[in-house]
Amino acid sequence: MWRTAKVLGLHDETATARTLMLSVRDWPGHVAGQHVDVRLTAPDGYSAVRSYSIASAPSTAGRIEITVERLPNGEVSPYLTQQVMVDDELEVRGPIGGWFVWRPEQTGPIQLVAGGSGIVPLMAMIRSRVSTGSTAPFRLLYSVREPGAIFYRDELRSLSDQRDLLIVTYAYTRVTPNDWPRPAGRIDPELIENDTWPSHLRPSSYVCGPTSFVEYATDLLIAAGHDRSRIRTERFGATGERK
Amino acid sequence: MAIISRDFSGRRSAPEAKLPPGQYLTKDFPVLSAGPTPHISLDRWEFAIDDGSNVLKRWDWKSFRELPTENITVDIHCVTRWSKLSTSWEGVSLDVLLADIRTDLPYAMFRSYGDYTTNQPLKDVMNKQAWIAFKFDGTDLAPEHGAPARLLVPHLYLWKSAKWVKGMTLMPHDKPGFWENLGYHIYGDPWKEQRYSDE
């Protein structure tokens, strides 16, 4: 069932990613980690649909936020990141997905691992944990190309300043900030050992990002002793070699 | 009545491309899996067919690879809306695997390494409609695409084509598998756009 969503606000996260604040008519509510389908219809009736993770915490007010990364040859993402305006209406359907989710009843430690725009559903989990007053220990390892590619930078900083809310570790793959202790490069066993929950705490892990990142990150977690049944993944994009 | 987005034109597929409703063409091969990729060694691999109480047939990798194979060229359609046309695979037809099995049980649950499951009517995996594929584009399957072998049921959405498949259980009644329990359609026909359980 498609629902009408009105654009309440727009906010650029990076040079290529934009958050859309939507008010959805008769929104049934969602669980952190779920996504929505967004449908655009051209004046001649042609339509295109893509899925986007919800970035906001569950709320009853019919408000959701999605963050959209503009893909170079995208069909829907260029419109959502460049053309859509406040007060425009779109159609959304959802929420969708019942596996890659975090619920406030989960009290155990949570390890989040994000590659690039894979942060979006994980941010919904972080925000859900904060808004519900959960005390589940949350930790985020966030791999980005460069400092300018970080989504939700100020919010993550203010949450991680209160260490009982969230511990954040950034890993830069191409360019690091000045004086950053770790050279640019993909995540590695040392980072997993020093900057994620140890396996003996039996955390639940959520890994989201491009396929090659998810493959690599989950292999590292398993090599570090994590139980594979406690690792949930969400992959997007191509396999890399077929671009 | 759909809402019209001014200035939206879209990137339309070539008119000759015949795609199920709501799908777009991709030349990539995206990956969708719920958990870590299992890595299965060939000497531990097996594929077994059971009826819920007894194993009816079982193959190890060697005996499986001695079965006659087919080259298959098919279009595939993922529920996440991409379609890929004319993909080529090599695999063993389910008709070969089911040849000696006499059963009245009309449904099957496919099981994978990594504990994935997906259900389908038995008639949907018979009569040249389904294969256990081990090669894609002439080379062995990549781990993230289901190595060493995956189910291929191209007339249904691709989540039905279980990666890392290890067996099938014949059942008297239909029963939801992994994604079918999480809001996805029990049958999953892309031409009827049976994506979600409310459709």
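In α5(A), the buried residues are T211(A), F213(A), V214(A), E215(A), A217(A), T218(A), L220(A) and L221(A). The model is a predicted one, and this helix is a good place to enter it. The cover over those buried residues includes β7, β8 (138–144), α4 (189–195), β10 (204–210) and β11 of chain A. So strands and a helix both take part, as the listed elements show. α5(A) is built from 13 residues. From its first C-alpha to its last it reaches 18 Å, close to the 18 Å expected at 1.5 Å a residue. After the helix comes G225(A), with a positive phi near 100°.

Now step back to chain A as a whole. It is divided into domain 1, residues 3–96, and domain 2, residues 110–236. Their C-alpha centres lie 24 Å apart. The contact between them draws 14 residues from domain 1 of chain A and 13 residues from domain 2 of chain A. On the domain 1 side, 7 of the touching residues are nonpolar, 5 are polar and 2 are charged.

Confidence in chain A comes next. The average pLDDT is 93, and 97% of the residues score at least 70. Among the elements, strand β7 (residues 110–115) of chain A has the highest confidence, at 98. β11(A) has the lowest, at a mean of 91. One stretch needs a separate remark. Over residues 238–243 of chain A, pLDDT stays under 50. For that stretch the model has 15 contacts beyond four places in sequence.

Some backbone details of chain A deserve a look. The peptide bond from G94(A) to P95(A) is cis, with omega near 5°. P95(A) sits in strand β6 of chain A. Two residues that are not glycine have a positive phi. Y152(A) has one of about 55°, and R202(A) has one of about 50°. Y152(A) belongs to the loop between β8 and α3 (153–160) of chain A. R202(A) belongs to the loop between α4 and β10 of chain A. How exposed is Y152(A)? It counts as partly exposed, because it has 19 C-beta neighbours inside 10 Å. R202(A) has 12 other C-beta atoms within 10 Å, so it is exposed.

The path now leads across to chain B. The contact between the chains takes 36 residues from chain A and 29 residues from chain B. On chain A, six elements are listed as supplying at least two residues each: β3 (35–41), β4 (47–53), α1 (77–83), β6 (89–96), α5 (211–223) and β11 (231–236). β4(A) gives the largest share of this side, 5 residues. By class, the side of chain A that touches chain B has 14 nonpolar, 12 polar and 10 charged residues. The helix we began with, α5(A), is thus part of this side too.

Chain B has 2 helices and 11 strands. Along the sequence they run β-β-β-α-β-β-α-β-β-β-β-β-β. The C-alpha atoms fill a box of roughly 60 × 35 × 30 Å along the principal axes. What does the radius of gyration of chain B agree with? A compact globule of 199 residues would have a value near 16 Å, and chain B has 17 Å, which agrees. Buried residues make up 37% of the 199 residues in chain B. Many contacts span long stretches of sequence: among those in chain B between residues at least 6 apart, 63% join residues at least 24 apart.

I76(B) gives a local view of chain B. It is found in strand β4 (residues 70–77) of chain B. Is I76(B) buried or exposed? It counts as buried because it has 21 C-beta neighbours inside 10 Å. Beyond its neighbours within four places in sequence, I76(B) is in contact with S83(B), K84(B), T87(B), P154(B) and L158(B). I76(B) and L156(B) are 80 residues apart along the chain, yet their C-alpha atoms are separated by 8.3 Å.

Chain B also has a cis peptide bond. It runs from A147(B) to P148(B), with omega near 5°. P148(B) has its place in the loop between β9 (139–140) and β10 (150–152) of chain B.

Technical notes
Residues are numbered from 1 along each chain as its sequence is written. Chains are lettered from A and ligands numbered from 1 in the order in which they are written. This is a predicted model: local features need pLDDT of at least 70, side-chain atom pairs count only at pLDDT 80 or more; totals for chains, interfaces and linings use all residues. Two residues are in contact if their C-beta atoms, placed from the backbone, lie within 7 Å. Helices (H or I, at least four residues) and strands (E, at least two) are DSSP runs, numbered from the N terminus. Ala, Val, Leu, Ile, Met, Phe, Trp, Tyr, Cys and Pro count as nonpolar, Asp, Glu, Lys and Arg as charged, and the others, Gly among them, as polar. The radius of gyration is taken over C-alpha atoms; the globule rule is 2.2 Å times the number of residues to the power 0.38. A residue is buried if 20 or more other C-beta atoms lie within 10 Å of its own, exposed if 12 or fewer, and partly exposed in between; C-beta atoms are placed from the backbone. Domain bounds come from an automatic or database domain assignment. pLDDT is the predictor's confidence in each residue, from 0 to 100. The expected span of a helix is 1.5 Å times one less than its number of residues.
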